[in-house]
Amino acid sequence: MKILGIEHIGIATDNLDKDAPFWKLLLNNCEHISEEVKEQNVITEIFDTGRGKIELLEATSPESPIAKFIEKRGKGIHHICLEIDDIQQAINELIEAGVELIDKTPRIGIEGYMIVFIHPRSTGGVLVELAEKPEN
Ligand code: ZN
């Protein structure tokens, strides 16, 4: 498995209208998109610095993993995402090494990336996402 870089840092917010303006001000020269991910009950604001994105996540329902995270730990950094060349190979290697994955098979994430999450129990408390770009 080959890591290509930090794809994004995911930040949980309970109010995009309140928290996004700071990031718009700070990252005003960055490409900016907004996307709703229905399967995960989140709405996102994504800023692309060109060397890693900042992804703001707000829950659209109480069942959303983001709502649950904020309830338990408060808002702030939710996960880091590493871009990877071959997600299936990564899954195989990590399972082989005894790392606990949340997803056993890749699923479609934001911007069409194939993603899996690694459980914080295996990482020292950090939720880690791996993502393979759709064109790869
Ligand atoms: Zn993410």
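Modeller: Let's start with a cut-off: a residue is called buried when its relative accessible area is under 20%, exposed when it is over 50%, and partly exposed in between. The model here is predicted. With that cut-off, strand β3 (residues 42–48) is mostly covered, since 5 of its 7 residues are buried.

Colleague: What makes β2 and β3 a pair of strands?

Modeller: Pairing requires at least two bridges between two strands. Strand β2 (residues 31–37) and β3 are joined by 7 bridges and run antiparallel, so the requirement is met. One of the facing pairs is Glu-31 and Asp-48, the latter in β3. The two strands form a hairpin with 4 residues between them, and Asn-41 in the turn has a positive phi of about 50°.

Colleague: And how do you know that β3 and β4 pair?

Modeller: By the same kind of count: β3 and β4 share 7 bridges in the antiparallel sense, and at least two are needed. Thr-44, for example, has Leu-57 of β4 as its bridge partner. Here too there is a hairpin with 4 residues between the strands, in which Gly-50 takes a positive phi near 90°.

Colleague: Why is Ile-66 called buried?

Modeller: Its relative accessibility is 3%, and the limit is under 20%, so Ile-66 counts as buried. Ile-66 belongs to helix α2 (residues 65–73).

Colleague: Which residues does Ile-66 touch, leaving out those up to four places away in sequence?

Modeller: Ala-12, Thr-13, Val-42, Leu-57, Glu-58, Ala-59 and His-78. For a contact, heavy atoms must lie within 4.5 Å. As a separate C-alpha figure, Ile-66 and Gln-40 are separated by 8.6 Å, although they are 26 residues apart along the chain.

Colleague: On to charges. What makes Lys-53 and Glu-7 a salt bridge?

Modeller: Their closest N and O atoms are 2.7 Å apart, and the rule asks for within 4 Å, so the pair qualifies. Lys-53 lies in strand β4 (residues 53–59) and Glu-7 in strand β1 (residues 3–13), so the bridge ties together parts 46 residues apart in sequence. Both Lys-53 and Glu-7 are buried. They are also linked with Glu-111 in a network of salt bridges. By this rule, the count comes to 6 salt bridges.

Colleague: How do you know that Asp-14 and Lys-75 form a salt bridge?

Modeller: The closest N and O atoms are 3.4 Å apart, and the limit is within 4 Å. This pair links distant parts of the chain: Asp-14 sits in the loop between β1 and α1 (16–26), Lys-75 in the loop between α2 and β5 (76–84), 61 residues apart.

Colleague: Are Asp-14 and Lys-75 buried or exposed?

Modeller: Neither label fits. Asp-14 has a relative accessible area of 46% and Lys-75 has a relative accessibility of 39%; partly exposed covers values between 20% and 50%, so Asp-14 is partly exposed, and Lys-75 is partly exposed too.

Colleague: What about the salt bridge of Asp-103 and Arg-107?

Modeller: The side chains meet at 2.8 Å, N to O. Asp-103, at 11%, is buried, whereas Arg-107, at 31%, is partly exposed.

Colleague: Last one: how many cavities of 30 Å³ or more does the structure hold?

Modeller: There is 1. The largest cavity has a volume of about 50 Å³, and β1 and β8 (128–132) are the elements that give two or more residues to its lining. The lining residues divide into 5 nonpolar, 1 polar and 4 charged; among them are Glu-7, His-8 and Glu-111.

Conventions: Residues are numbered from 1 along each chain as its sequence is written. This is a predicted model: local features need pLDDT of at least 70, side-chain atom pairs count only at pLDDT 80 or more; totals for chains, interfaces and linings use all residues. Side-chain values use heavy atoms; hydrogens and water are left out. Buried means under 20% relative accessible area, exposed over 50%, partly exposed in between (1.4 Å probe, protein chains only). On a 1 Å grid over the protein atoms alone, a cavity is a set of points where a 1.4 Å probe fits but cannot get out, and a pocket is an open set with protein on both sides within 12 Å along at least five of seven lines; lining residues have an atom within 4 Å of a point. Grid points are joined across faces, edges and corners, and a volume is the space filled by probe spheres set on the points. Ala, Val, Leu, Ile, Met, Phe, Trp, Tyr, Cys and Pro count as nonpolar, Asp, Glu, Lys and Arg as charged, and the others, Gly among them, as polar.
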